[in-house]
Amino acid sequence: MELKYSLLMMFLIVSVILISVLGADEYVRPKPRKNLEFKWRIRDSSHPHQVHISLAGDKHMRISWVTEDQSSPSLVEYGTSPGVYKSSSQGESTSYSYLFYKSGKIHHTVIGPLEPGQSYFYRCGGQGPEFELKTPPSKFPITFAVAGDMGQTGWTASTLDHIGQCKYDMHLLPGDLSYADYMQHQWDTFGELVEPLASTRPWMVTEGNHEVERIPFVKDGFASYNARWKMPFEESGSNSNLYYSFEVAGVHVLMLGSYTDHDEYSDQYRWLKEDLSKVDRQRTPWLLALFHVPWYNSNKAHQHEGDNMMASMEPLLYAAGVDIMLAGHVHAYERTKRVSGGKSDPCGSVHITIGDGGNREGLAHRYINPSPEWSVFREASFGHGELKIVNSTHAFWTWHRNDDDEPVRSDQVWITSLASSNCLANNRRMHLNL
């Protein structure tokens, strides 16, 4: 019976994967790069690993890590000097099972209040190595590193290396993290891969299609993602880890869910409308939105997949005057003019597709020609972006392809905040009274 059950489960998983892949990818992919190989090593069962950090409300950070020892405490000790821990916090833990896989103990501990722009040294679980993080600034300038669709390939390693060379305060990831795709141990190897960066700067993520991992009648979706990558959804009034918001240094960031309900009757839509009503553009003059499936996309890959979400949410975000929207999913880079309603609009948002982190599926090379009038720059290369919010009115966006050395800017543009224009009043008058 056990053998029959195992075979049935494997057949079910393979069927779900094939349906997902064949249904979504009609374009021809180039020869992919292999996944990185991770050497198995003996580790103390209480040794913390897969350490990563995220914001957790005003002046607080969430430290997340995994131990094999189920009795290991969810304790974080921290201070402003190496080896001197004058403060400590006790957190929570969880774990999950996925068919024949059992996760380690996954810890989430919030520390703070913390001072902005300050380095802190911390230790997880009362033992193991010391880590150092730096909190984001409370005022401009602030720099975001941006890359989605990461995976665990040689391209991913190159992207992470390039991001590590730049001076940034936070990483924004618009979905598709590990590309585990039901193989749960690859969530563990992804956590190990990104730990050197994710343990030092906040990683703020939202889900993509590769996080779903749903097995009909057997396993609900997002079990692995929700257990491992807890974001500040409760702190922002959301009831789901699949969408939330946060504020940092004069920027309000919306992290939206492409793979949960988003029509005007959904919880996400109601939460978004309420969240936007609280945004004070005098205090936070910049408004950003991230989600996985792009709304403006001239690549032949994943055409029209974001249409429904765009139809329901674009009027709301237009009325709020969102400055920049960042998406992934398409394994290429593209930047638009300010756009709304399918055409250029000086009061619309700049849309950037940046699903080019380095995954094993390869690049999306085929584009629609001629390019739409709203498309400014597009290229099928792996890389990452950097968004430097210089002050309350101006930001500088650059994109760096992996084929270049880090100092080479393959695309760049200055962007002016809509808060400094007449657009906000006009947009609200044209659409919704927030």
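Start in the middle of things: select Ile63, Tyr122, Phe144, Trp229, Phe246, Leu254 and Trp397, the residues with the most contacts inside the largest nonpolar core, which has 99 residues. At least three residues of this core come from each of domain 1 (44-135) and domain 2 (138-427). Keep in mind as you look around that this is a predicted model. In soluble globular proteins, nonpolar side chains tend to be buried together.

Now center the view on tryptophan 229. Which residues does tryptophan 229 touch, leaving aside those up to four places away in sequence? Show His52, Leu177, Trp187, Phe190, Val194, Trp203, Val205 and Asn241, and you have its contacts.

Next, select Trp155, Ala301, Ala332 and Tyr367. They are among the nine residues of a second, separate core.

**Along strand S12**

Switch to a cartoon view and find strand S12, residues 170-173. Which way do its side chains point? Met170 and Leu172 go one way, while His171 and Leu173 go the other, and all are buried. In a regular strand the side chains alternate between the two faces of the sheet.

Add strand S11 (residues 142-146), which pairs with S12 in the parallel sense over three bridges. Phenylalanine 144, which you selected with the core at the start, stands opposite methionine 170 of S12. Follow the chain from S11 through helix H2 (residues 154-165) to S12, and you have traced a right-handed β-α-β unit.

Then bring in strand S13 (residues 203-205), which runs parallel to S12 and is joined to it by three bridges. Here leucine 172 has methionine 204 as its bridge partner. The path from S12 to S13 passes through helix H3 (residues 185-198), again as a right-handed β-α-β crossover.

**The disulfide**

For the last stop, show the cysteines as sticks. How many disulfides does a search of the whole structure find? There is one, and it joins cysteine 347 to cysteine 423, with 2.1 Å from S to S. The link is left-handed, with -70 degrees about the S-S bond. Cysteine 347 sits in the loop between strand S19 (343-344) and strand S20 (349-354), and cysteine 423 belongs to helix H7 (residues 423-430), so the bond ties together parts that are 76 residues apart in sequence.

Are these two cysteines buried or exposed? Cysteine 347 is buried, at 13% relative accessibility, and cysteine 423 is buried too, at 8%. Before you leave, click on two more cysteines: cysteine 124 is buried at 0%, and cysteine 166 counts as buried at 10%.

Terms used: Residues numbered from 1 in each chain as written. Predicted model: local features only at pLDDT ≥ 70, side-chain atom pairs only at ≥ 80, totals over all residues. Heavy atoms only, no water. Disulfide = S-S within 2.5 Å. Helix = DSSP H or I, 4+ residues; strand = E, 2+ residues; numbered from the N terminus. Buried < 20%, exposed > 50% of the residue type's maximum accessible area, 1.4 Å probe, protein only. Core = buried A, V, L, I, M, F, W, Y, C linked by side-chain atoms within 4.5 Å. Domains from an automatic or database assignment. Contact = heavy atoms within 4.5 Å. Pairing = 2+ DSSP bridges. Right-handed = clockwise from strand over helix to strand, strands pointing away.
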